[in-house]
Every structure is written in C-alpha cells, then in structure tokens.
Amino acid sequence: HLGNADRWPLILTATKWTACQIISTMETQVSNGPSGTSLPNGPVISTNGSTDDSKTNLIVNYLPQNMTQEEFKSLFGSIGEIESCKLVRDKITGQSLGYGFVNYVDPNDADKAINTLNGLKLQTKTIKVSYARPSSASIRDANLYVSGLPKTMSQKDMEQLFSQYGRIITSRILVDQVTGISRGVGFIRFDKRNEAEEAIKGLNGQKPLGAAEPITVKFANNPSQKTGQALLTQLYQTAARRYTGPLHHQTQRFRLDNLLNASYGVKRFSPITIDSMTSLAGVNLTGPTGAGWCIFVYNLSPEADESVLWQLFGPFGAVTNVKVIRDFTTNKCKGFGFVTMTNYDEAAMAIASLNGYRLGDRVLQVSFKTSKQHKA
DNA sequence: TTATATT
C-alpha cells in the first residue's frame, strides 16, 4: 500500500482533528532493585562467559520527548564512566520512545545515578532512574488497562487489589486535569506477563470490595505496535505542527541546562554543553528533472531505505518515485536520496516541513533538486 | 487506552 501515496492525504485528513486530551496522572515510583545476590564491585563474569550487569545497568523512564542521545549520554556520563547507553527510539520514525538504558562500568556509579538523578525534573517530565531488570520475553507486554474503577479508589487501593497477583512495577490512575478527580481508569504494569494474565482472570468483571460496578481489566494497548496508518498520522501531525509553527531549523545546539531550566529552576549538577550539529557540506546534484518535482534529501543514515522516504513524504501528497543512493560495494546509503512528487504545492509543503526535520539523531536537509554541476 | 518499561 506504500505505493498509493496519493491517497494518504485523504486518509490522514480524517484523523487530523482528533482532540488531544491532557490528562494528569499519579505515578508510583517502584524501585526495581538489582536482582541476584550481592557481589563485590566490578563486572561479574559468569561461568558461561556472559556479564552480569544487574548492578550496573539502569533503565531511565519518562525522558522528555525532545531529549537526544547526546544529551542523554551527557547527563548520565556526568555521574561516572559509562560502558554503554542507548536512548530507545522508534525504528521507523526515529522518535524517542521516552526511555533509555545506561550501563555503567562501576556499580557504585549506577547507585549514585539513581540517588542523584531519579526524580530529576526535565521540562515537564520527572525522570525515573532504576535498575533494569534482566531482559526477557517474560517481562514484556505486562501492562494492564483497568476501567470502571470507583472514583473513590486511590492508586494505593488499586495496587493493593492487584498486588495479590504479582509484583507491580508501575501503577497509575488517570485523573481529570481540571478537577483532579479520578476518571475511573488506570494502568498496572506487572513484573511478569503471566502475573498480568492471572490478574485479568481474577479481577476482570469483578466488583472491588463494596463497589457498585464491576471493573474491566485487560492488556493495555501497546504503543510500540502502531498500525501503519497511525504511524503516518503521527508523521503527518508532526509535519503539520512544524508547518504552522515557526520554522526553527537555524541552529541545533543542545544544552542540557535548557532542559533543566525549563522545569522548576532547579539545577542539580553543572550543566554540560553539547554541540551535536556537525557542519554540513553543500551538496548539489546534476541531471535534468523528469516528470514531477524532484526533491533532494540529505543526511539520511547509512541504513536508510526507500520505505523511510515513502513514509516521510507520502503524507504530503502524491509521491511517484523515491530513491536512496547507495554505495556500490557496501550497499549502504551514501547519505542522500531523491523523491519525486507530482504537485508543486505538495512538494513545497513537504520541503518546508521536512527540511530541518530530526530523523533519529540526524537533521535532514530537504530542498528541490538543483542542477548545479559541482558542489562548492 | 497514558506519551512511550526491556536495548
């Protein structure tokens, strides 16, 4: 269906006005705690050769949407030497998923990071820093959506009700932004998926204590499993915001203290300056333009493929052709590609919206293809 | 049915 580019604007228009309700929430801060037995400092090598990183590896949740990998590394690198870290991003759009992992060399630094950075306010978020549980299929998809809760039920009450089925990692009750009253809807994340399954069996359709109505307990929608259309909608809406708002692709200098100052004026460590923007050489290309409007897209990642170009440009209108330029020997993208769009207005809109767009950790340069023979 | 809790 990617080829039906000219149908996308219609599909997307139908969903673009969906109201976005702002909901305030209460969030528990349940510490994961390092698993396993207490061991001396330093990397622990098991008999099978794998490293035990349960005392060094952290998961960081509730990161601001616009935080970059560089900022993430800088913030956590201020505590101690990092073995590895990763801001988790959507595979296709490159958008941050709002969480990441930091693996320190020294377990003491992991402990220090929790004590220092857990609860740090960055913009509108309060980040959570805790030990990462060992990665396993059994801990995935363990998030439950609960509705029909009595309005009087507190988060603590809800946890008490669910805790008989297993270890609760997070719980949350959604409240009306204005009144602060419970909306009777909440989320419970268990440590293990099978615990969540048991909770559904035991509590779905049941009336809590003296409640008048039964509650509904089911698996929460998995935000990472968006449909293709939802993904396009998201891309389109991002683009639409960029188009209406002031275009701000002048400089992309990221300062951690900007993130911090935007919250409560609290500075908890000396700010670190990052300049993640490398200067980009001017690139112009040769050749005549065929039917339609040929667009030059620069700063694609080596892994970029045609689908990313379809997904980026499709929402703006009729796309007739996309091409990623690859190195002949490695078959990796050489950093640029071309998109042909039928209509000038749509092409112009796409360029205005996508030039300066951050795709993953890269800032795209998008323009009409020029016919200059050589770069400067 | 939340902006995003397992790389």
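**View 1. The protein surface near DNA strand B mixes nonpolar, polar and charged residues.** In this predicted model, the residues lining DNA strand B break down into twelve nonpolar, ten polar and nine charged. Altogether 31 residues surround the strand, and the closest are Asn57, Gln65, Leu97, Lys128 and Arg133. Several β-strands pitch in: β4 (57-61), β6 (96-104), β10 (143-147), β11 (168-175) and β12 (182-190) each bring at least two residues to this surface. Now flip to the DNA's side of things: looking at the atoms of DNA strand B within 4 Å of the protein, 32% come from sugar or phosphate, and the rest are base atoms.

**View 2. Three side chains put polar atoms by the backbone of DNA strand B.** Start with Lys125, where a polar side-chain atom sits 3.0 Å from a phosphate oxygen. Ser135 also has a phosphate oxygen for company, with 3.3 Å between that oxygen and a polar atom of the serine side chain. For Asn61, the partner is a sugar or linking oxygen of the DNA strand, 3.1 Å from a polar side-chain atom.

**View 3. Asn57 is a buried residue in strand β4.** This asparagine is among the residues closest to DNA strand B. Its relative accessibility is 15%, so Asn57 falls below the 20% cut-off and counts as buried. Who's around it? Setting aside neighbours within four places in sequence, Asn57 touches Phe101, Val102, Asn103, Tyr131 and Ala132. With Val102 there is a polar pairing too: the backbone oxygen of Val102 is 3.2 Å from a polar atom of the Asn57 side chain.

**View 4. Helix α4 has a buried side and exposed residues across from it.** Running over residues 155-162, α4 has Gln155, Met158, Glu159, Leu161 and Phe162 as its buried residues. Why do these five count as being on the same side of α4? They cover an arc of only 160° around the axis, which puts them together on one side. The general rule behind this kind of pattern is that an α-helix has 3.6 residues a turn, so residues three or four places apart point the same way. Over on the other side of α4, Lys156 and Gln160 are exposed.

**View 5. Zooming back out, chain A has nine helices and 21 strands.** Of its 376 residues, 40% are buried. Among contacts in chain A with a separation of 6 or more, 66% link residues 24 or more positions apart. The chain exposes about 20,600 Å², with 52% of that supplied by carbon and sulfur atoms.

How values were computed:
Residues numbered from 1 in each chain as written. Chains lettered and ligands numbered in written order. Predicted model: local features only at pLDDT ≥ 70, side-chain atom pairs only at ≥ 80, totals over all residues. Heavy atoms only, no water. Buried < 20%, exposed > 50% of the residue type's maximum accessible area, 1.4 Å probe, protein only. Helix = DSSP H or I, 4+ residues; strand = E, 2+ residues; numbered from the N terminus. Arc of directions from axis to C-beta. Near = heavy atom within 4 Å. Polar contact = N/O pair within 3.5 Å; in protein donor to acceptor, adjacent residues only side chain to side chain. Nonpolar A, V, L, I, M, F, W, Y, C, P; charged D, E, K, R; others polar. Contact = heavy atoms within 4.5 Å. Areas by Shrake-Rupley, 256 points an atom, 1.4 Å probe, with all protein chains shown as cover.
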